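This report is meant for a reader who is meeting the structure for the first time. Please look over the sequence and the model before reading on.

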Amino acid sequence: MKPFGQVRLVPVNGNGPEDVVVDATGAAYTGFDDGRIIRVTEQGRRIELIADTGGRPLGLELYGDDLLVCDASRGLLLVSPTSGAVKTLATSALGKPIMVCNNAAVAADGTIYFSDSSDRFPLAAWREDLIEQHAGGRLLRYSPDGQLSLVGDGLQFANGVALAPDESFVAVAETGAFAVRRYWLDGSGRQDLLASDLAGYPDNISTGSDGLIWVTQASPRVPALDLVRRLPGPLRLGVRRLPVGLQPSPSRSTGALGLSVDGAVVHDFRGEIPGFHMATGIRERDGLLYLSSLEERAIALTSLA
């Protein structure tokens with residue numbers, strides 16, 4: 001474990017750039033809580049509006065010439081960076097609405113793996129899901145022919161999704177379980193844990209250009225929340241009904257893990273970043289780490305060197 005090195009903040013013109021993805025030219029894409037998706041170029045000096053989903057974009061992935069968007073309120077979307085056109089791929093799966101489309105990973109053949117965080121609580125009530133340990137999250141597969149299938153369910157707030165570099169498995173972060181679960185794609189149905197008993201709440205995850213699975217930890221564990229989760233149901237309900245300001249909340253500290261495909265910890269950054277907190281999105285590209293946040297108005301960049 002070590003603190004973050006020198007971090008440069010790139011201000012953006014919106015609130016809550018929850019995820020970030022970087023294309024081959026170095027342009028970074030992110031989405032805001034007002035539905036806008038932007039492209040950031042020239043080391044942050046130029047910001048372009050490329051689309052407005054009319055919802056709440058979370059996870060972003062490159063999908064050919066388009067941008068795949070997990071929108072918490074509108075489902076799985078495809079966005080054209082050139083025209084701004086928004087196409088809906090899925091709003092429900094297997095007879096149930098997609099309550100919180102959160103994060104995705106794209107296979108070489110165009111297959112999309114994406115998370116639906118909860119079948120009970122919308123994004124705005126993510127604290128309530130963590131308090132209740134509802135385990136209503138699922139990992140879904142969207143095939144190139146448009147067919148939807150279930151990869152796994154019973155997940156405690158299914159969040160970030162990443163594929164192994166050789167696509168032998170797909171991993172999904174379980175925020176409420178402090179773990180990253182791994183589903184093997186060899187037809188065996190086998191699953192196990194890539195990482196468990198994490199020191200913080202895992203959020204988005206992604207596969208880096210270095211072959212590592214990168215995991216954000218939005219905040220260290222909150223002792224008050226751990227206590228509340230052990231209370232009887234009626235008392236947990238009472239906590240859920242409190243104003244948000246009185247509920248257990250994340251700290252200013254944040255973290256980033258770089259894991260090998262066998263779960264070994266290669267990088268473990270933890271601590272406070274001045275002017276930045278609650279890192280929810282993460283990308284590694286050529287030794288540069290990009291962090292995004294559910295609550296800030298900036299993207300953070302730091303070198304691994």
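The paragraphs below take up the nonpolar cores, then a hairpin, and then two buried polar residues.

The model is a predicted one, and its largest nonpolar core is a convenient place to begin. This core has 23 residues, and those with the most contacts inside it are Val 180, Ile 205 and Val 215. The elements that give two or more residues to the core are the helix α1 together with the strands β17 (169–174), β18 (179–184), β19 (191–195), β20 (200–207), β21 (213–220) and β22 (254–259). Leaving out residues up to four places away in sequence, Val 215 touches, among others, Val 180, Pro 202, Ile 205, Ala 256, Leu 257 and Ile 282. A second core, separate from the one just described, has 14 residues, including Ala 90, Ile 98, Ala 104 and Phe 114. In soluble globular proteins, nonpolar side chains tend to be buried together.

Two of the strands named above also form a hairpin. Strands β18 and β19 run antiparallel and are joined by four bridges, and one residue pair can be followed by name, since Tyr 183 has Gln 191 in β19 as its bridge partner. Six residues lie between the strands of this hairpin, where Gly 187 takes a positive phi near 85°.

The remaining part concerns two residues with polar side chains, Ser 117 and Thr 302. Ser 117 is found in the loop between β13 (112–116) and α1 (126–132), whereas Thr 302 is found in strand β26, which covers residues 298–303. Are these residues buried or exposed? Ser 117 counts as buried because its relative accessibility is 0%, and Thr 302, with a relative accessible area of 5%, is buried because the cut-off for that class is under 20%.

The side chain of each has a polar atom close to a backbone oxygen, at the distances listed here.

| Side chain | Backbone oxygen | Distance |
|---|---|---|
| Ser 117 | Ala 158 | 2.6 Å |
| Thr 302 | Gln 6 | 2.9 Å |

Beyond neighbours within four places in sequence, Ser 117 is in contact with Val 100, Asn 102, Gly 136, Gly 137, Phe 157 and Ala 158. Thr 302, with residues up to four places away likewise not counted, touches Gly 5, Gln 6, Val 7, Gly 287, Leu 288 and Leu 289. As for longer separations, Thr 302 and Ala 124 are 178 residues apart in sequence, and their C-alpha atoms are 29 Å apart in space.

How values were computed
Residues are numbered from 1 along each chain as its sequence is written. This is a predicted model: local features need pLDDT of at least 70, side-chain atom pairs count only at pLDDT 80 or more; totals for chains, interfaces and linings use all residues. Side-chain values use heavy atoms; hydrogens and water are left out. Buried means under 20% relative accessible area, exposed over 50%, partly exposed in between (1.4 Å probe, protein chains only). A polar contact is a pair of N or O atoms within 3.5 Å; within protein, one must be able to donate a hydrogen and the other to accept it, and residues adjacent in sequence count only if both atoms are side-chain atoms. Contact means heavy atoms within 4.5 Å. A nonpolar core is a set of buried Ala, Val, Leu, Ile, Met, Phe, Trp, Tyr and Cys residues joined through side-chain atoms within 4.5 Å. Two strands pair if DSSP finds at least two bridges between them.
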